Amino acid sequence: MIINLKELTALFPLLILIASVVIVMLYIAYKRNHFIIFLLSIFGLIITLFSLCFLFSNVPIDVTSLFHITKYSILYISIILISSIATCIFSYRWLLNYPFNKEEFYLLLLLSTLGSICLTISSHMSSMFISIELMSLPIFGLIGYSNYVKYSLEASFKYLILSSISSAFLLLGIAWIYAISGNLSISYINHVLLFASSNEKLVLLFGILMVLVSFLFKLSLVPFHLWTSDIYQGTPSSILSFFSVSGKVALFSVLLNIFSYKSIINNEILYFIISLVSIFSILFGNLMAIFQSNIKRFFGYSSISHLGYLLIILLVLKNSYVFSLETTFIYLFNYLFINIAYFGVIHFFSNSSNDIDTISSYKGLFWSQPLLSSIFTIVLLSLAGIPMTLGFIGKFYILSIIIKHHLWLIGFIFIFGTILGIYGYFRLIINLYLKSSDKLLNSQIISNICISNLSKILILFSGIILLILGLYPNPLIYLIKLTE
């Protein structure tokens, strides 16, 4: 396999990240120093992020038959990298009081980031499978990193088991596809599907369906969602923003790639399955979130409904390809900063042995932390899709897709789900402004606060982004237009 200079340039961000992994690994072997490893990790991620700027003139480009890089994939990679940088910043203070080895945390994070980026640009089933495993395996370690905390090992073990089942479905699907196509390139599978006999088409569609089931498992969509809330509850808040963003962005970008081919999305069975999954995810996610008393479980169920909204985009991909990609990026960009601010606030009241994660603990937060409560309110309003927040812009785009393509049943579910969601989010907002007795805000817990100024700036910045781009989204829309 020969790679020319242009392809090598396109792989430059990946090479920087791989070099960062190797440097961090060697430094850990040579000498353990938490601060130096933190600096090396965050420096590597920032350099990788800036190196993306040099790719715009070279894309779209195929790097061998394994990877295909487009301008949109650059945007998705930037979301993953920003999420990783935020996780490094949040985790530094959290790890200071961690009683065991701290440095491997950053190594796991960098490896998982590398897997997510490779997955985002995968155009071949083999690179897709390897990337998913590279992304998932370090996450087992990250979820169970605080293994002495209640529910942590349980969450890690559950994710391990369910991820293995998901990988089994993926391998099964790949095997069925290869049996007919003899090639695992996604574009070639589309070509075979166009000209195959009806029996061969059935086998191919079964294989694609198995691959889709694997993705639905990983995206925690209904009916493969049962693990989600337990894993959110058992995972430390400093890791949750990364867990919730990077994998889902990478997986959804690959789904967009697969379903951009007409022979796949034109299939009525796949269309029907995606419609059902979207409808039940929106309803179930919003409904279950209302009954939660744990703030992390609440977000777990809320994330199911938001991915249900995103699935609507797949249904119209064949007719409005560019507009669908725009909508996806706006929605995921909003989701990134919601996650950073939401879990950043929970992290504010956490330490390495305990997260304050019951909703009642946040009662009356406004009266002692007005700025923090205001940011949390903006985040919840953006999740609900209330005007003057970026969440509203994302939902407005999806609603315009629904109206334009006459998806009336899904439109009704979208509105009903949004109303249920608003009830759940306003329950949390009202809780912040009630007079408290209270547990959380007493001096004992405030003394446990472990957060650096950098983390505070990050939370504040995320809240401002959600508000400013909600009022004036033109810079974000202009950025997307540059990729067309």
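Two residues are in contact when they have heavy atoms within 4.5 Å of each other. The structure described here is a predicted model.

With that cut-off in hand, cysteine 118 is a place to begin. This residue lies in helix α5. Not counting residues up to four places away in sequence, cysteine 118 touches Leu14, Phe67 and Ser131. Cysteine 118 is buried, and its relative accessible area is 12%. Buried means under 20% relative accessible area, so a value of 12% puts cysteine 118 in that class. Cysteine 118 and alanine 250 are 132 residues apart along the chain, and their C-alpha atoms are separated by 8.5 Å.

The helix that holds cysteine 118 is mostly covered: 14 of the 17 residues of α5 are buried. At 1.5 Å a residue, those 17 residues should span 24 Å, and the end C-alpha atoms of α5 are 24 Å apart, which agrees.

Leu14, one of the residues touched by cysteine 118, belongs to the buried residues of α2. Helix α2 runs over residues 12–30. The 19 residues of α2 reach 27 Å from the first C-alpha to the last, close to the 27 Å expected at 1.5 Å a residue. Which residues of α2 are buried? They are Pro13, Leu14, Ile16, Leu17, Ser20, Val21, Val24 and Ile28. Seen down the axis of α2, these buried residues fall within an arc of 160°, so they line one face of the helix. The spacing fits a general rule: an α-helix has 3.6 residues a turn, so residues three or four places apart point the same way. On the other side of α2, Leu26, Ala29 and Tyr30 are exposed. The cover over the buried residues of α2 includes α1 (5–10), α3 (34–51) and α5 (104–120).

Helix α3 can be read in a similar manner. It has 18 residues and reaches 26 Å from its first C-alpha to its last, close to the 26 Å expected at 1.5 Å a residue. The buried residues of α3 are His34, Ile37, Phe38, Ser41, Ile42, Gly44, Leu45, Thr48 and Ser51. What covers them includes α2, α4 (71–96) and α5. Helix α5 is thus named in the cover of α2 and in the cover of α3.

Helix α1, which is also part of the cover of α2, contains leucine 8. At 41% relative accessibility, leucine 8 counts as partly exposed. Leaving aside neighbours within four places in sequence, leucine 8 is in contact with Ile3 and Leu15. Leucine 8 and alanine 250 are 242 residues apart in sequence, and their C-alpha atoms are 22 Å apart in space.

Further along the chain, helix α11 (residues 237–258) packs with helix α15 (residues 321–348) at an angle of about 170°, with their axes 8 Å apart. Angles over 145 degrees count as roughly antiparallel, and that makes α11 roughly antiparallel to α15. On the α11 side, the contact is made by residues including Leu240, Val245, Val249, Phe252 and Leu256. On the α15 side, the residues include Leu325, Leu332, Tyr335, Leu336, Ile340 and Phe343. By class, the contact has 12 nonpolar, seven polar and one charged residues.

Arginine 297 lies in helix α14 (residues 295–315). Is arginine 297 buried or exposed? At 17% relative accessibility, arginine 297 counts as buried. Leaving aside neighbours within four places in sequence, arginine 297 is in contact with Ser229, Asp230, Gln233 and Gln292.

The loops bring some backbone features. Most residues other than glycine have a negative phi, and most peptide bonds are trans. In the loop between α9 and α10, serine 220 has a positive phi of about 55° although it is not a glycine. Serine 220 is buried, with a relative accessible area of 0%. Proline 223 is also found in the loop between α9 (198–218) and α10 (228–234). The peptide bond from valine 222 to proline 223 is cis, with omega near 10°.

Methionine 388 lies in another loop, between α16 (370–384) and α17 (390–404). The phi of methionine 388 is near 75°, a positive value in a residue other than glycine. Methionine 388 is exposed, with a relative accessible area of 52%.

Technical notes: Residues numbered from 1 in each chain as written. Predicted model: local features only at pLDDT ≥ 70, side-chain atom pairs only at ≥ 80, totals over all residues. Heavy atoms only, no water. Axes fitted to C-alpha atoms, helices over the stretch in contact; angles between N-to-C directions. Helix = DSSP H or I, 4+ residues; strand = E, 2+ residues; numbered from the N terminus. Parallel < 35°, antiparallel > 145°, perpendicular 65-115°, else oblique. Nonpolar A, V, L, I, M, F, W, Y, C, P; charged D, E, K, R; others polar. Expected span 1.5 Å × (residues − 1). Buried < 20%, exposed > 50% of the residue type's maximum accessible area, 1.4 Å probe, protein only. Arc of directions from axis to C-beta.
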